[in-house]
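These are my notebook entries on one protein model, written as I looked things up one by one. I keep each entry to what I could read from the model itself.

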Amino acid sequence: NEHFQNTTSTRSRKELLSIMMRRFFAGTLACLMVLGLAACGQVEDTKTPASDGNASEKVVHVFTKKREWNWDRIKEAFEASHPGYVLNVDITEASDYYNLLKTYVTTGDLPDVIQTIPGSTIDLWKEYLVDISDLECFDKMDPEITNAYYEDGAHYGVPLFAEYHGVIYNMTYLEQVGFSDAPKTIDEFVALNKALIAAGLPTGISPWKGATAMIAHMTAPIFGAKDDSLSYYQGIQSGTVDLTSDKDWGMFLDYIDAVRQYGNADALNTDNTTERNAMYAGEYAWYGHDGSWVTPALRATNPEMEQNLRLGVYPYSSNPNENKIGVSTQSLSIMNTENVEAAKVFVDWLLGSDEGTDILVKDCNTVVLRTDYEMSAEDVGALAVQGRELSANGYGANNFRNMPDSVIANCANSLQKYIAQVIDRNGLLNEVAKNIQNG
């Protein structure tokens with residue numbers, strides 16, 4: 001079989017598909033050859049070697065989404081501390097990730113460790129995952145967080161990291177118009193923009209070209225306001241919840257309206273890269289949706305800018321107690337392959353040992369979920385520390401994770417039509433409900 005290089009690699013979807021298909025057909029051909037030889041009486045005993053041909057090596061294949069992480073450093077440290085183990089990492093764009101994972105399943109050539117999120121994603125892949133309740137790193141994490149990955153008596157994922165998102169402000173501009181902190185309400189947000197315009201200063205920019213994030217991330221305060229977010233979603237599915245009269249959706253759209261009024265006119269054509277480059281260069285006073293995940297690229301591009309940025313809540317409501325940032329957790333899961341035990345060793349090392357955690361925190365600026373590990377702004381970035389503080393003080397709402405990707409995409413399309421003023425509020429909310437009902 002052809003196997004992945006023993007180095008980390010970032011591959012396009014086309015490259016990964018090509019490699020997987022070659023592996024699949026090579027394996028099929030090998031099986032046919034063995035069967036043919038056996039039929040001729042030429043094969044008495046066939047042993048399957050380790051995946052690189054060295055039976056003493058334990059190979060762990062990680063398939064993950066592209067992030068500003070130092071996977072080369074992770075590989076080097078893991079292999080150095082675990083003689084006989086080989087870590088192969090393949091990285092692809094988040095937009096291609098799950099489609100490529102489906103291709104792995106189709107070919108039967110599963111990776112050992114994959115990146116997941118609680119809710120619908122783990123439910124989708126659960127039949128291919130193994131119970132990892134025996135990982136020691138669970139003992140170092142808050143059960144309230146790890147319980148999100150517990151289903152049917154088993155843990156199908158373990159928290160990898162947390163990220164915090166909301167409106168990011170450049171305080172250099174805000175301080176010039178008398179704001180010493182980020183706006184906490186929609187009224188303060190509007191007042192800020194009026195003051196910026198009066199002073200001849202730039203307002204804000206929003207990346208609404210990638211509208212799926214608006215549904216996947218920015219609805220966190222909507223679902224977080226409900227006593228039971230899953231039951232609420234099921235009420236939308238059954239038609240018993242009327243979104244046109246829902247206060248939280250109305251406040252969300254109040255913010256979208258304000259952003260449309262005061263922000264960049266080309267928001268529907270602005271992608272995340274454009275918005276973030278503007279942030280790193282300090283071109284605007286606010287950025288309508290982004291998060292602590294920008295820290296590694298920010299530090300690589302313009303590290304001095306970090307001290308000027310402030311993470312604020314999504315200012316949907318006039319009541320400051322109703323406004324939240326979003327909290328996103330993602331996880332690692334282990335697939336049912338021949339390398340399960342080796343994969344568990346790697347995951348436990350990465351998330352449970354100080355050596356692995358140090359690399360995630362200090363090299364990758366990642367907020368880990370260990371309760372016994374201290375993180376500073378120098379380690380994980382000022383935005384992450386601000387997010388942790390807001391969340392700890394009750395101003396955080398977890399992303400709602402039970403909405404399928406197809407529904408998110410359809411709702412995003414509807415929201416873009418609303419921003420373009422093709423449909424009105426009721427039209428949008430009725431479309432959102434229909435998208436959820438159609439699944």
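Among contacts in the protein chain between residues at least 6 apart in sequence, what percentage join residues at least 24 apart? I looked this up before anything else, and the value is 75%. I note here that the model is a predicted one.

**Entry: the whole chain**

I then looked up the elements and found that the protein chain holds 19 helices and 12 strands. Of its 439 residues, 54% count as buried. For the surface, I wrote down that the chain exposes about 19300 Å², and that carbon and sulfur atoms supply 47% of this area.

**Entry: helix α17**

I asked myself which residues of helix α17 are buried. In this helix, which runs over residues 382-392, they are Ala382, Leu383, Ala384, Gln386 and Gly387. I followed these buried residues to their surroundings and saw that they pack against four strands and a helix, namely β7 (158-170), β9 (286-291), β10 (309-312), β11 (325-334) and α16 (377-380). After α17 comes Gly394, and its phi is positive, near 90 degrees.

**Entry: salt bridges**

How many salt bridges does the structure hold? The count is 23, and I looked at three of the pairs in detail.

In the pair of Arg299 and Glu306, the closest N and O atoms are 2.9 Å apart. I checked how far each partner is covered: Arg299 is partly exposed, with a relative accessible area of 23%, whereas Glu306 has 12% relative accessibility and counts as buried.

The next pair is Asp379 with Lys362, where the closest N and O atoms are 3.3 Å apart. This pair links distant parts of the chain, since Asp379 lies in helix α16 and Lys362 in helix α15 (residues 354-363), 17 residues apart. Asp379 counts as buried at 11% relative accessibility, while Lys362, at 43%, counts as partly exposed.

The last pair I looked up is Lys417 with Glu431, whose closest N and O atoms are 2.9 Å apart. Here too distant parts of the chain are linked, with Lys417 in helix α18 (residues 405-419) and Glu431 in helix α19 (residues 425-438), 14 residues apart. Lys417 counts as partly exposed at 32% relative accessibility, and Glu431 counts as partly exposed at 23%. I also noted that salt bridges sharing partners join Asp254, Asp257, Arg260 and Arg425 into one network.

**Entry: Ser414 in α18**

I stayed with helix α18, where Ser414 is found. Is Ser414 buried or exposed? Ser414 counts as buried because its relative accessible area is 2%, and the cut-off for buried is under 20%. Leaving aside residues up to four places away in sequence, I found that Ser414 touches Ile423, Leu428, Glu431 and Asn435. Glu431 was already in my notes as the salt-bridge partner of Lys417.

**Entry: α10 against α19**

At what angle do helix α10 and α19 pack? The angle between α10 (residues 229-238) and α19 is about 95 degrees, and their axes are 7 Å apart. I therefore wrote down α10 as roughly perpendicular to α19, because angles of 65 to 115 degrees count as such. At this contact, Tyr233, Ile236 and Gln237 in α10 meet Ala433, Ile436 and Gln437 in α19. Sorted by kind, the residues of the contact of α10 with α19 are 4 nonpolar, 2 polar and no charged.

**Entry: positive phi outside glycine**

Most residues other than glycine have a negative phi, so I looked for residues that depart from this.

One is Asn365, which is not a glycine and yet has a positive phi of about 55 degrees. I found Asn365 in the loop between α15 and α16, and at 14% relative accessibility Asn365 counts as buried.

Another is Gln421, whose phi is near 65 degrees, again a positive value in a residue other than glycine. Gln421 has its place in the loop between α18 and α19. Why does Gln421 count as exposed? Its relative accessible area is 62%, and exposed means over 50%. I closed the entry by setting the two side by side: Asn365 is buried, whereas Gln421 is exposed.

Definitions and conventions
Residues numbered from 1 in each chain as written. Predicted model: local features only at pLDDT ≥ 70, side-chain atom pairs only at ≥ 80, totals over all residues. Heavy atoms only, no water. Buried < 20%, exposed > 50% of the residue type's maximum accessible area, 1.4 Å probe, protein only. Helix = DSSP H or I, 4+ residues; strand = E, 2+ residues; numbered from the N terminus. Contact = heavy atoms within 4.5 Å. Salt bridge = Lys/Arg side-chain N within 4 Å of Asp/Glu carboxyl O. Areas by Shrake-Rupley, 256 points an atom, 1.4 Å probe, with all protein chains shown as cover. Axes fitted to C-alpha atoms, helices over the stretch in contact; angles between N-to-C directions. Parallel < 35°, antiparallel > 145°, perpendicular 65-115°, else oblique. Nonpolar A, V, L, I, M, F, W, Y, C, P; charged D, E, K, R; others polar.
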